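Subject: Structure for you to look at

Dear colleague,

Here is the structure I promised to pass on to you. Please have it open while you read, so that you can find each place as it comes up.

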Amino acid sequence: MAKVSVVIPVYNVENYVKECLDSVKNQTLQELEIICVDDGSTDGSGAILDQYAKEDARFHVIHKKNEGYGKAMNTGMEAVTSPYVGIVESDDWVSLTMYEELYQVMEETKADVVKADFYEFYQGINGITIETYRALVEGEEKELYQTPFSLKQYPKALYARKYTWSGLYRTEFLKEGQILHNETPGASYQDNGFWFQTMVKAKKISFVNQAFYHYRVDNMNSSIHSKGKVFAVCDEFDFIRKKLEEMGEEGAPYYKWMFYFRITDCIGNIDRVAEEYRLMLAERSREDFLAALYAGEVDAEIYLEPWKTKIFEVLASPREYVRKVTEDKEKLFKAVEGFSQMVIYGAGIVGKHVVEKLGGARIGTRVKYIAVSDPNSNQSHIYGVPVVAIEELVPYREEVLVVLAVGEALMPEVRKNIQKLGFPHYVEWKEL
């Protein structure tokens, strides 16, 4: 009998799915049940799945019409027969010891949920992989790595990165708690409801301070252009509210947390939706916040910066907030327009700040290198991005946009050097 089931939802990922399937197939824990749900793929993904199933009896393929991520996940979960279950997105991959090590943690701790740190990755110049380690928790919450806990004991564990695929779940726990994904056709964010339910219903959660999962972020710069998806995140949190209502008194302490994530996700999406829908979403966010405030579901103590500031700005004037967000985004995208590859020139405080800001603006995957004048005095990577001498990038000078990311005192020097080396496209970081 399999010790762990792995559910892999698949839709039109023929360029990535083999790497994903191989990483699961070659796990050091061989007692696996690998359930692949083909959600109506129109490319070669389905045929690839069938070939793996033909060669390895541990693979089970379910072909179904396209009904969305939530339905695909629930279909896969219904087929699970082993004690523990994990999730792998079909364009990601996992380290070969992931399920052996997490299975051992599950057995030792008897937890309902085990979650581990993970990596984010994308492809850089010449196909090199740029990978950043992401811890589940930081700061004072790091103590959660030490011993299993429940949200009743430590509600701030909800600040942990809210992903569903970097761990294992006890199958019996999911079935007893009737924990399923939202199945709204065509909607997005359907892993949010699953994540929230597993966290609030688990009697015991264990965090592992080690990364196994490799999460692809190449497509983070996409926008939401469908009017039907503008409020998808709001709809998902309506689903979460219903689940809390079903829990009765047990769910009562988590309404404030549910709304915190609802409002921050909605406001965080304002710059992602198409421009014609931004004011609509901002006004909806304002209305939702005021309603939650009157209902007693806003606890100011759990709100972190910069969300406090953003919420105040939306409350003051949704229109002005949208104007500012739109202006800032247009300024940034105008500066980087036409460049899929960027180099940050400067590895100090300013350089790190720029890398963080570009990541937050969902164009961080364009940053391929951090360049310095003297590589011997710097670390080899910053946030997973390789640090190299600026001279090494001369062969790519026609292709990249160089962001001069140093303080004012050093700016004349780096500008002179970039001109000397013949880089035709550069911009000072403040212009972004």
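What follows describes one sheet and then several salt bridges.

Please keep in mind that this is a predicted model.

Let me begin with the sheet. Strands of a sheet pair through backbone hydrogen bonds, and they may do so in a parallel or an antiparallel way. Here, six strands form an open sheet in the order β12-β13-β11-β10-β14-β15, and the pairing in it is mixed. At its edges lie β12 (381-382) and β15 (426-428), each of which pairs on one side only. Within the sheet, strand β10, made of residues 342-345, runs parallel to strand β14, made of residues 401-404, and four bridges join the two. If you would like one place to look at in that pair, find I344, which stands opposite V403 in β14.

The salt bridges come next. In general, side chains of opposite charge can pair when their charged atoms come close. In this model the count comes to 23 salt bridges, and I will go through three of them.

One is formed by the side chains of R216 and E19, with 3.4 Å from N to O. Since R216 belongs to strand β9 (residues 205-216) and E19 to helix α1 (residues 17-25), the pair ties together parts that are 197 residues apart in sequence. R216 counts as buried because its relative accessibility is 8%, and the cut-off for buried is under 20%. E19, in contrast, is partly exposed, with a relative accessible area of 40%.

Another salt bridge joins the side chains of R241 and E297, at 2.6 Å from N to O. This pair also links distant parts of the chain, as R241 sits in helix α8 (residues 232-247), whereas E297 sits in the loop between α10 (275-294) and α11 (307-316), 56 residues apart. R241 counts as partly exposed at 24% relative accessibility, while E297, at 12%, counts as buried.

The last of the three is between D288 and R262, whose closest N and O atoms are 3.2 Å apart. D288 lies in helix α10 and R262 in helix α9 (residues 255-268), so this salt bridge ties together parts 26 residues apart in sequence. D288 is buried, with a relative accessible area of 15%, and R262 is buried as well, with 7%. Both residues also belong to a network of salt bridges that links D238, R262, R284 and D288.

With best wishes

Conventions
Residues are numbered from 1 along each chain as its sequence is written. This is a predicted model: local features need pLDDT of at least 70, side-chain atom pairs count only at pLDDT 80 or more; totals for chains, interfaces and linings use all residues. Side-chain values use heavy atoms; hydrogens and water are left out. Two strands pair if DSSP finds at least two bridges between them. A salt bridge is a side-chain nitrogen of Lys or Arg within 4 Å of a carboxyl oxygen of Asp or Glu. Buried means under 20% relative accessible area, exposed over 50%, partly exposed in between (1.4 Å probe, protein chains only).
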